[in-house]
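Colleague: Could you take a close look at one part of this model for me, the nonpolar core, and walk me through how it is put together? I would be glad of some context on the rest of the chain too.

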Amino acid sequence: MVESSTIATISVATAATGLLAYALYFDHQRRANPDFRKNLRREERRKARAEKEEAVAQTKQKRRGIQTAVDAALDEGFPTGVNEKEQYFMEYVQQGELLASDPTQTNEAALAFYKALKVYPTPRDLISIYDKTVDKRVLDVLAEMIAYDKSLDLNSQTPGGGNLADLMGEIPSAGLD
């Protein structure tokens, strides 16, 4: 009578021999048969092309989602009063910070930061603050939102009526130039 360990050993040895034989056959075909090599390269190119097309499709879908979110925010409207703007700003900055901590909520976090940016008096200053404090993946989505929104004026005037860059030029230097 044959023991079960002998049967298991023979089965494993047969499977390993079959795998080794297939590997040798594949290697021989790869080296000796030009049509086989050509087919391998063709399949690699086909796979790379399919992956590239899929990436492009995902990017387009992501961009459409961002545009839809921006359009919805614009349709929703923004407050006009000073106190309402301040409250709206604080609410959406807090919401953006909470959402940014979750990697699955990147678009929602960027949308919250975008809404806060829309009511901020000097958007360029806020963008530089975001650049220092917000995660890069959220910033990338926010940048796409800003690029899509043509109504967002990044060259907003300062409360005194002058451009911030003009005011910076009027400040005397400390002699450290």
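Modeller: Happy to, and let me begin in the middle of things. Leu142 touches Ala110, Phe113, Tyr114 and Tyr130, leaving out residues up to four places away in sequence. Please keep in mind that this is a predicted model.

Leu142 is a good way in, as it is listed with Phe113, Tyr114, Tyr130, Val138 and Met145 as the residues that touch the most other members of the largest nonpolar core, a set of 29 residues. Two or more residues of this core come from each of helix H2 (34-76), H3, H4, helix H5 (123-133) and helix H6 (136-148). The biggest contributor is H4, which gives 9 residues. As a general background, nonpolar side chains in soluble globular proteins tend to be buried together.

Now for three buried positions, taken one at a time. Gly96 has its place in helix H3. Why does Gly96 count as buried? Its relative accessibility is 0%, and the cut-off for buried is under 20%. Beyond four places in sequence, Gly96 touches Ala109, Ala112 and Phe113. Gly96 and Ala116 lie 20 residues apart in sequence, with 8.9 Å between their C-alpha atoms.

Phe113 also leads us to Val134, which sits in the loop between H5 and H6. Val134 counts as buried because its relative accessibility is 12%. Setting aside neighbours within four places in sequence, Val134 is in contact with Phe113 and Leu139. Val134 can be tied back to Gly96 as well: the two are 38 residues apart in sequence, and their C-alpha atoms are 9.2 Å apart in space.

The third position, Ile146, is found in helix H6. Ile146 is buried too, since its relative accessible area is 16%. Its contacts, not counting residues up to four places away in sequence, are Leu117, Ile127, Leu152 and Leu154. For a link across a longer stretch of sequence, take Ile146 and Val70: 76 residues separate them along the chain, while the C-alpha to C-alpha distance is 8.9 Å.

As for the rest of the chain, the secondary structure comes to 7 helices and 0 strands, so the order of elements from the N terminus reads α-α-α-α-α-α-α. Of the 177 residues, 23% count as buried. Among contacts between residues at least 6 apart in sequence, 60% join residues at least 24 apart. The chain exposes about 13000 Å², and carbon and sulfur atoms supply 56% of that area.

Since you work with small molecules and surfaces, you may also want the largest pocket. It holds about 240 Å³ of space. Lining it are 13 residues, and the closest to its centre are Lys85, Lys118, Val119, Tyr120 and Pro121. Helix H3 (82-100) and helix H4 (106-119) each supply at least two residues of the lining, with the largest share, 4 residues, coming from H3. By kind, the lining of this pocket divides into 7 nonpolar, 2 polar and 4 charged residues. H3 and H4 are thus worth viewing twice, once for the lining of the pocket and once for the core, to which both give two or more residues.

Technical notes. Residues numbered from 1 in each chain as written. Predicted model: local features only at pLDDT ≥ 70, side-chain atom pairs only at ≥ 80, totals over all residues. Heavy atoms only, no water. 1 Å grid on protein atoms, 1.4 Å probe; cavity = no way out; pocket = protein on both sides within 12 Å on 5 of 7 lines; lining within 4 Å. Points joined across faces, edges and corners; volume = space filled by probe spheres on them. Nonpolar A, V, L, I, M, F, W, Y, C, P; charged D, E, K, R; others polar. Buried < 20%, exposed > 50% of the residue type's maximum accessible area, 1.4 Å probe, protein only. Contact = heavy atoms within 4.5 Å. Areas by Shrake-Rupley, 256 points an atom, 1.4 Å probe, with all protein chains shown as cover. Core = buried A, V, L, I, M, F, W, Y, C linked by side-chain atoms within 4.5 Å.
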